[in-house]
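Colleague: I would like to learn how to read a structure like this one, feature by feature. Could you walk me through it?

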Amino acid sequence: APAGAWAPGAPSVGAQDIPKAQVVADTTTETVRPNAIFQPEDGDRLWVFPKNEDTLGSGGEFHIYLDAETHPHARASFAKFALGVGGALPAHKHEKSEEIAYFISGEGIVQVFERGKAQEITVRPSYVWYVPPGAWHSLKNTGDAPLTLVFATIPNDKKGLLSFFRQISAKPGEAPTPLSPDDFARIAAEHDLILKPPDNRE
């Protein structure tokens, strides 16, 4: 091993072995916020476009753990999302937000747009999906079970993606508020979700 490298069987390196110039005192103890551990039943469960107040159908279920409403100090938001059988999210983009998703179960198709052309990519459990700001994308459940994923959005904005879904959703068992296409598009645009016009291939 190179000189100075640690090797199996070698004594562990302690603080006394680190040059004093490299030792940084921890002065942030009183300013750092505590860790947060969420149990499965924590967070807010919301239905988006359910069949009715008692049946989700092809709509989506959000389980929001961390967002601007519950943790305004956090830099990222985090949620679990299950898209019902036959459900789809329309093509859209975010000017400021980026998303990172990890698929847990089900099967679906992610549609992305490269140089003006739509491409469809099949996604399954353990796939990771990254969406940069400004990139058009959509999602469709093509399986026979809910398509489930967890995702983070950055930044954790009061007018961000999860705030949008809070505004248009309802709690399970409650009747959703009807929205016209114009109202939906307006609320979406106010929350950094821009719907893709049918003739826009960029």
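Colleague: Is Arg-186 buried, partly exposed or exposed?

Modeller: This is a predicted model, and Arg-186 has a relative accessibility of 42% in it. Since partly exposed covers the range between 20% and 50%, Arg-186 counts as partly exposed.

Colleague: Which residue forms a salt bridge with Arg-186?

Modeller: Here is the general idea. Side chains of opposite charge can pair when their charged atoms come close. In this case the partner of Arg-186 is Glu-190, with 3.4 Å between the closest N and O atoms. Both residues lie in helix H2, which covers residues 181-190, and they are 4 residues apart, about one turn of the helix. Glu-190 is partly exposed as well, at 37% relative accessibility.

Colleague: How many salt bridges does a search of the whole structure find?

Modeller: The search finds 8 salt bridges. One of them joins Asp-157 to Lys-96, with the closest N and O atoms 3.2 Å apart. That pair links distant parts of the chain, 61 residues apart: Asp-157 sits in the loop between strand S10 (147-154) and helix H1 (161-168), and Lys-96 in the loop between strand S4 (88-93) and S5. Asp-157 is partly exposed at 26% relative accessibility, whereas Lys-96 counts as exposed at 52%.

Colleague: What about the pair of Arg-124 and Glu-107?

Modeller: Their side chains meet in a salt bridge at 3.4 Å, N to O. Arg-124 is in the loop between strand S7 (117-123) and S8, and Glu-107 is in the loop between S5 and strand S6 (108-114), so this pair ties together parts that are 17 residues apart in sequence. Arg-124 is partly exposed at 36% relative accessible area, and Glu-107 is partly exposed at 32%. There is also a network of salt bridges that links Asp-44, Asp-67, Glu-69 and Arg-166.

Colleague: Let us turn to the strands. In what order do the 5 strands of the open sheet stand?

Modeller: The order is S7-S6-S9-S4-S11, with antiparallel pairing. S7 and strand S11 (194-195) are at the edges and have a single partner strand each, so one side of each has no neighbour in the sheet. When you look along any strand, keep a general rule in mind. In a regular strand the side chains alternate between the two faces of the sheet.

Colleague: How many bridges join S6 to S7, and how many join S6 to S9?

Modeller: S6 is joined to S7 by 7 bridges, and to S9 by 5. Both pairings run antiparallel. To find your place between S6 and S7, look for Phe-113, which stands opposite Ala-118 in S7. On the S9 side, Gly-108 has Asn-141 as its bridge partner. S6 and S7 also form a hairpin with 2 residues between them, and Arg-115 in the turn has a positive phi of about 50°.

Colleague: And what joins S4 to S9?

Modeller: There are 3 bridges between S4 and strand S9 (residues 137-141), which run antiparallel. Ala-88 stands opposite Lys-140 in S9. Pro-90 is placed in strand S4. Although Pro-90 and Leu-139 are 49 residues apart in sequence, their C-alpha atoms are 7.2 Å apart in space. Pro-90 is partly exposed, at 44% relative accessibility.

Colleague: Now the inside. How many cavities of 30 Å³ or more are found, and what is the volume of the largest?

Modeller: The search finds 2 such cavities, and the largest has a volume of about 190 Å³. Its lining has 15 residues, with Leu-89, Glu-99, Trp-129, Leu-139 and Leu-161 nearest the centre. S4, S5, S8, S9, S10 and H1 each give two or more residues to that lining, and S9 gives the most, with 3.

Colleague: Last, the surface. Which residues form the nonpolar patch?

Modeller: Ile-100, Tyr-102, Ile-104, Val-128, Tyr-130 and Ile-154 form the patch, with about 540 Å² of accessible area together. Strand S5 (98-105) and strand S8 (128-131) each give two or more residues to it, and S5 has the largest share, with 3 residues. Tyr-130 is in strand S8 and is partly exposed, with a relative accessible area of 44%.

Methods
Residues numbered from 1 in each chain as written. Predicted model: local features only at pLDDT ≥ 70, side-chain atom pairs only at ≥ 80, totals over all residues. Heavy atoms only, no water. Patch = residues over 30% accessible without salt bridge, like charges linked within 9 Å, V, L, I, M, F, W, Y side chains within 5 Å. Areas by Shrake-Rupley, 256 points an atom, 1.4 Å probe, with all protein chains shown as cover. Salt bridge = Lys/Arg side-chain N within 4 Å of Asp/Glu carboxyl O. Buried < 20%, exposed > 50% of the residue type's maximum accessible area, 1.4 Å probe, protein only. Pairing = 2+ DSSP bridges. 1 Å grid on protein atoms, 1.4 Å probe; cavity = no way out; pocket = protein on both sides within 12 Å on 5 of 7 lines; lining within 4 Å. Points joined across faces, edges and corners; volume = space filled by probe spheres on them.
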